[in-house]
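Please open the model in your viewer and keep the selection panel at hand. The tour goes from one selection to the next.

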Amino acid sequence: MITIKEITSKGDLTTFVKFPFGLYKNSPYYVPSIIKEEIDVMNPEKNPVFKNAVAKYFLAYKGTTIVGRIAAIINWIEVKEQKKPKVRFGWFDVIDDIEVTRALLDKVAEFGAQHSLSYMEGPVGFSNMDKAGILIKGFEELNTMITWYNYPYYSQHLEQLGFEQAATWVEYKIKVPKETKEKVIKFSKVIKERYQLQLLKFKKSKEILQYADDMFELLNKTYSSLQTFVPIQQYQIDMYKKKYLPYLNPEYITCIADKTGKLIAFSIVMPSFSRALKKMNGKVYPLRFLHILKAQRRNDTAAFYLIGVDPEYQNKGVTALIFKEMNEAFLRNGIEMVETNPELVENKAIQALWNDYEHEQHKMRRTFRKDI
């Protein structure tokens, strides 16, 4: 018999967050999240996203054994301002039993129906800045700190339950050239002079903070036409600055300004923290955080997290400046491979950026939707 229990206490929330640790304990590819960070994300007193969102969390039991979890989320900006009558589901993990999956998703549908919503979609987080998508290719690859890992049967369960494909993302591995290509050097010089652009250099992570709001404004402009887009709110920006600043290596941050000093493009790359997070196993005791510090300084793999270009400068070659600076930083620091963040499959402009480099599409993930 399957029983679904709604989370009502902090202790239950901790249990909810820790469930995947047991489910994937034998997987060499699962990279766990930091337990405290996950709990804070789901806590209305800690996460300002709840100013415009509501969520419920459920655990599935067989007897006294936990066999699955799911979060049901409503983003009111999406529902009221963007007119999408959608209930989201995320933090979806389950044993290979379709009846457990059915029981969990029924709770999401029930929550959506209570608020007169028309369909559900997931797995996603609270907004488009959170993790999204069930892995459907790349099961023998480590997930990054901004993606979920799952077993192959997840998508099979959803399809058998009548869910349809929604958004699809692709991820790439890009081999770092042994030297910066001459044509990139020449072209970036031409673009820089033509548009009177300037590169902004940083020595400390804190120096980046003064441009953080401008970066997120560029993200809103860059991705506003994509299907999953929900405008990033200022309270979210403030949270992300606090959450990710400790992970930033200023040498990997490229910012470009126009002649007036206005930010017109940026990219954020981080050393890969997948192996470090796996060693930490969800905990941040001082000695465990040393794995992060080591990964920041000694690493042969980087993760390409964000890129934003002002629409006024798109298709004008500005990305050549970004790639030149990144490649030179990679060569100085021994980076041999870069992994991209998930890119919507229809975002051909971003994917075209990798054409001049040796690359491989090694992962794919997808959300699924179903009418309530």
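At what angle do the axes of helix H7 (residues 209–223) and helix H8 (residues 234–244) cross? Select both helices: their axes come within 10 Å and cross at roughly 135°, where axes are lines fitted to C-alpha atoms, for helices over the stretch in contact, and angles run from 0 to 180 degrees between N-to-C directions. That makes H7 oblique to H8, since angles under 35 degrees count as roughly parallel, over 145 as roughly antiparallel, 65 to 115 as roughly perpendicular and the rest as oblique.

This is a predicted model, in which local features need pLDDT of at least 70 and side-chain atom pairs count only at pLDDT 80 or more, while totals for chains, interfaces and linings use all residues. Residues are numbered from 1 along each chain as its sequence is written, and side-chain values use heavy atoms, with hydrogens and water left out.

Next, show the side chains between the two helices: Leu209, Ala212, Asp213 and Phe216 in H7 meet Gln234, Ile237, Tyr240 and Lys241 in H8, contact meaning heavy atoms within 4.5 Å.

Now move to strand E4 (residues 86–94), where nine of its nine residues are buried, that is, under 20% relative accessible area with a 1.4 Å probe and protein chains only. Add strand E3 (residues 65–75), which runs antiparallel to E4 and is joined to E4 by five bridges; here Ala72 stands opposite Phe89. Finally, select strand E5 (residues 119–122), which pairs with E4 in the parallel sense over three bridges, with Tyr119 in E5 as the bridge partner of Lys86.

Technical notes
Helices (H or I, at least four residues) and strands (E, at least two) are DSSP runs, numbered from the N terminus. Buried means under 20% relative accessible area, exposed over 50%, partly exposed in between (1.4 Å probe, protein chains only). Two strands pair if DSSP finds at least two bridges between them.
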